[in-house]
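Reader: I have a new model open on my screen and would love some company while I look through it. Could you walk me through the fold and the charged pairs?

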Amino acid sequence: MYNINQSTDTKEAAAIEARRNREKERQNRFFNVRNRVMGVDVQALNNQVGDRKRREAAERSKEAAYGTSQVQYDVVVQMLEKEEADRTRRLAKKVQEFREQKQQLKNGREFSLWDPDQVWKGLPTYLSYSNTYPGPASLQYFSGEDLDRATRLRMQQGQFRYNLERQQQEQQQAKVDENCADALSNQLRLAMDAQATHLARLEESCRAAMMCAMANANKAQAAVQAGRQRCERQREQKANLAEIRHQSTSDLLTENPQVAQHRTAPHRVLPYCWKGMTPEQRAAIRKEQEVQRSKKEAHRQAEKTLDTEWKSQTMSSAQALLELEEQERELCAVFQRGLGSFNQQLANEQKAQQDYLNSVIYTNQPTAQYHRQFNTSSR
């Protein structure tokens, strides 16, 4: 009565078709008299066992290669950690030796500020430690007199020479340390490159071994598959010959209709020996088909009559709906006209009231003097 065309999904249709094909293949394999074996499918089980063994062998080889690479990575990490620890220890040792040799307390630049013998060193050179500091009355010390100028100049020159030599040594030591660090970094980089090259060679060898093992397994599987197919072809050829011999010597190809009758139930036939229907059976089937055709035609006529009634009822309903919509539009127009007249009347009344207020009530407008007086009184 109502036909709705729905587009099927191509992916769903493909999936359904694939499941249907697999089911047909499974049924053909199960119901094939030549290859059917009572019990389990030994060939399928053997194929599953072989696939599982190959998968386990591939996983074991992959795990072995991964373990080898992991061990190599651990060795490289241990070597790098050991090299870093040795480098840190040598650097700390050199820093400690430099502090012990070049950064002594007496060689500091600020040692003269907190020297414990600074007071005795500030006395005149002609006084001994046992004498007291003379005053101005002794005529041995005068303001502005510099008795130790020559000694002080020699000490300043020596201190300047010492500072210059120490700076040169520090620069040389820094350059040596930098060169040593560069050399160590170069050695470490070379070691890492060599280790990476070695790991790459090991990985390549493992990959080659895996490929070789896989190729051998594929060859062995291909050989087993070829032998199985050869045995299958031989068995199929034997089965075909046996079937041809059986068909040529049995009653299957004969035209005897008595062969298809069942021995214990004459009303039943043997499907594998049945040669076709008799004219009486075909006439009965055609008669039954004619009866079914007449019933189907009567059902079609009934459906057609029902469809006609539904269409007439739908048209009457649509006509009634149109009449209701027309009445609704007329009522809306009448309401809009009444609402417009009422709004016009309200507008006229509001205008008359506003004119009355402007002409009668609000005629006396306040002046500026009134506002000034109002402000003065409010203050």
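**Helices and salt bridges**

Reader: What secondary structure does the protein have, and which pattern does it follow along the sequence?

Author: Happy to help, and please keep in mind that this is a predicted model. The protein has six helices and zero strands. Read along the sequence, that gives the pattern α-α-α-α-α-α.

Reader: How much of the protein counts as buried?

Author: A residue has to fall under 20% relative accessible area to be called buried. Among the 379 residues of the protein, the share that does so is 6%.

Reader: And what is the accessible surface of the protein?

Author: Carbon and sulfur atoms hold 56% of that surface. The total comes to about 33400 Å².

Reader: What share of the contacts with a separation of 6 or more is between residues 24 or more positions apart?

Author: A contact here needs heavy atoms within 4.5 Å. Taking those contacts with a separation of 6 or more, the part from residues 24 or more positions apart is 51%.

Reader: Now for the charges: how many salt bridges does the structure hold?

Author: To count, a side-chain nitrogen of Lys or Arg must lie within 4 Å of a carboxyl oxygen of Asp or Glu. By that rule, the number of salt bridges in the structure is nine.

Reader: Which residue does Asp 51 form a salt bridge with?

Author: The partner sits in helix α2, which spans residues 42-102, three residues from Asp 51 and so about one helical turn away. Asp 51 is partly exposed at 36% relative accessibility, and its partner Arg 54 is partly exposed at 30%. The closest N and O atoms are 2.0 Å apart, and the residue that pairs with Asp 51 is Arg 54.

Reader: How far apart are the closest N and O atoms of Arg 207 and Glu 203?

Author: These two are four residues apart in helix α4 (residues 149-249), so about one helical turn separates them. Arg 207 is partly exposed with a relative accessible area of 38%, and Glu 203 is partly exposed with 44%. They form a salt bridge in which the closest N and O atoms are apart by 3.2 Å.

Reader: Which residues are linked with Arg 207 in a network of salt bridges?

Author: We have just met one of them, the salt-bridge partner Glu 203. The network links Arg 207 with Glu 203 and Glu 204.

Reader: One last pair: in which helix do Glu 297 and Arg 300 lie?

Author: Their side chains meet in a salt bridge, 2.5 Å from N to O. Glu 297 is partly exposed at 36%, as is Arg 300 at 40%. The two are three residues apart, and therefore about one helical turn, in helix α5.

Conventions
Residues numbered from 1 in each chain as written. Predicted model: local features only at pLDDT ≥ 70, side-chain atom pairs only at ≥ 80, totals over all residues. Heavy atoms only, no water. Buried < 20%, exposed > 50% of the residue type's maximum accessible area, 1.4 Å probe, protein only. Areas by Shrake-Rupley, 256 points an atom, 1.4 Å probe, with all protein chains shown as cover.
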